[in-house]
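Colleague: Could you take a close look at one part of this model for me? I'd like to know how far to trust it before I read anything into it.

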Amino acid sequence: MEIPTPFHRIHGTVRGLDSAGRSSQFEGRFGRMFRALPAATFSPAALHDLAGKITAEPEPPTEVTPETDADDEENAGPDRKHPAISAGYTYWGQFIDHDLTFDPASSLQKTDDPDALVDFRTPRFDLDNIYGRGPDDQPYMYADDGVRLRLGRQLTGNKRDSLSRDLPRTAAGRAIIGDPRNDENVIVSQLQATFLRFHNRVADVLKARTPDDFAEVQRTVRWHYQWAVVNDFLKTIIGETLLKEILPHLAQNGSIVNFPPNLRFYKPRKESFIPVEFSVAAYRFGHSMVRPQYRLNEITPEQEGHPEGKVDPRLPIFSSDGSLSLVGFKEFPSTWAVDWSLFFDMGDAPEFGKKRVQPAYKIDTSLVNPLGKLPDSVIGGAAFPALAERNLLRGLRMQLPSGQAVACAMGIPVIPDEQLRVGKANEEDFEKNPLLVSISKEFEGNAPLWYYVLAESQLAFKNDKTPIRLGPVGGRIVGEVFVGLMLHDSHSVLSQGKCWKPRQDFLGKTGNFGIAELIAQALKAKDVV
Ligand code: HEM
């Protein structure tokens, strides 16, 4: 029996067996970065056991009082002050993934040939998840002027933003957007709504009025987004040093023409493609950053009218009571407007308490317990409900090489088996975490690539005190693919906008344009319904 894959119900099961060379607006290709390396093999039983160890135990409930406003457990104790990537990057990462890749067709039960798989997203940072097929083809996503994007109902709860809006939805609650996956959870769905508003803000400042103005607004939005992806997202996830190795002009403060990019492993010959080493392994690092619960805004249970405020203001990502979780694909309570200052450093948050920026969980070989049982809304009731197991099986079916083989092919020292452990990257837990090879001998010198990328980050945490980022293998794959995709897109800011800079009036206090500045502008957009 063919196991349905996630989101199968949205796009059907069109299999791109004969379409590798075809190119239409919405299709790209998958392929391999390390063609010469042999596939790593494992038994599904060993992967099942490894997934079980990667999936953490449920966290004990913590009481929230006005005094303590209890923090999440992982960041309590000795690690509490460990610098972290903020929680918003998790969902920005997911949003970017949905801009680049969509494989609704491959199977978890049989081997897949990536060269024959169609990517149902353009492999470009072109925000096709926002624009869909554009105002001519999908006019119902656009306002009457044919330029601005339509928004949904009013949301409340975010004290910093009186114009928060949901995505436009059908009567049944399904979001009317360019990529249905951007309604998968309440956070990514509100990030999508914020990008819609950023587009509208750019339309405001460019004084766009007619459909003829659309292309210029769209280009301006895309270049600001791409600038933020390189200079903020990528810098945060792979670190400044590696980013500057890949893009030396950033280190030299010079032109990309005089200091060309240094892509050592991602070298598409003609059209760009999404390497499976990226989509099935390295870029799934974000799964380990997911927290079990989030605070969306500062609304307290008392304000919500709950007796004595006995309801936890932090919402779980999944719960058996679907109405009280962040699971998407439906209308959620209108008081759930996301306050982005609780997700990104917008410059004025305290270190502790309910106004702090929530940290993402560390990039390590541990996924929070709720990801051990994905709800039907995410996987359509398919087999293998544990995300870790799906990732590992997908790597097996796509015939990925082992982490060690990829490290070796990159000329990067291979992590010895005695340092590969499974579990949370807490200082005190590290030595107690089981060795990978203790789970199965199949893993001796042979670690699944997704696991290996996470383990690298975990080791970096042991060795220094900077926020956990991707390590040398994971960082290179993600960094080179991001930069390579932008270079191969003849319309991108790196290709066409070599001397382009973000608008002066969009820059933050530090003179940068990143996600905080993008959100700040989005919040200034005139309202569109
Ligand atoms: C609550 C948050 C998330 C959930 C529930 C989730 C769930 C999933 C699921 C069910 C899949 C398909 C797994 C399979 O069958 O192979 C998937 C794929 C994927 N996820 Fe996530 N994910 C989340 C967040 C993220 C984040 C934060 C990132 C990266 C920063 C990410 C990156 C990816 C990538 C690259 C794929 C493969 C996509 C493709 O090729 O179509 N995910 N995710």
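For residues 70-80, how many contacts beyond four places in sequence does the model have, and under what value does pLDDT stay?

Modeller: Happy to. Over residues 70-80 the pLDDT (the predictor's confidence in each residue, from 0 to 100) stays under 50, and the model has 16 contacts for them beyond four places in sequence, a contact being two residues whose C-beta atoms, placed from the backbone, lie within 7 Å. Where pLDDT is low, the predicted coordinates should not be read in detail.

Two notes on reading the rest: residues are numbered from 1 along each chain as its sequence is written. This is a predicted model, in which local features need pLDDT of at least 70 and side-chain atom pairs count only at pLDDT 80 or more, while totals for chains, interfaces and linings use all residues.

The chain as a whole has a mean pLDDT of 86, with 84% of its residues at 70 or more. Residues 1-26 are another stretch to treat with care: there the pLDDT is below 50, although the model has 45 contacts for them beyond near neighbours in sequence. In the chain, 74% of the contacts with a separation of 6 or more join residues 24 or more positions apart.

For contrast, have a look at helix H6, residues 214-238 (helices are DSSP runs of H or I, at least four residues, and strands are runs of E, at least two, numbered from the N terminus). Its 25 residues reach 34 Å from first C-alpha to last, close to the 36 Å expected at 1.5 Å times one less than the number of residues. H6 has a kink of about 35° centred on valine 229, the bend being the angle between axes fitted to the seven residues ending there and the seven starting there. Of its residues, 20 of the 25 are buried (20 or more other C-beta atoms, placed from the backbone, within 10 Å of a residue's own; exposed means 12 or fewer, partly exposed in between), so H6 is largely enclosed by the rest of the structure. Glycine 239, which follows H6, has a positive phi near 90°.

On the other side of H6, the loop that links it to helix H5 (186-205) holds lysine 207. Lysine 207 has a positive phi, near 50°, without being a glycine, and it is exposed, with 7 other C-beta atoms within 10 Å. Leucine 127 also has a positive phi, about 60°, but is buried, with 22 C-beta neighbours inside 10 Å.
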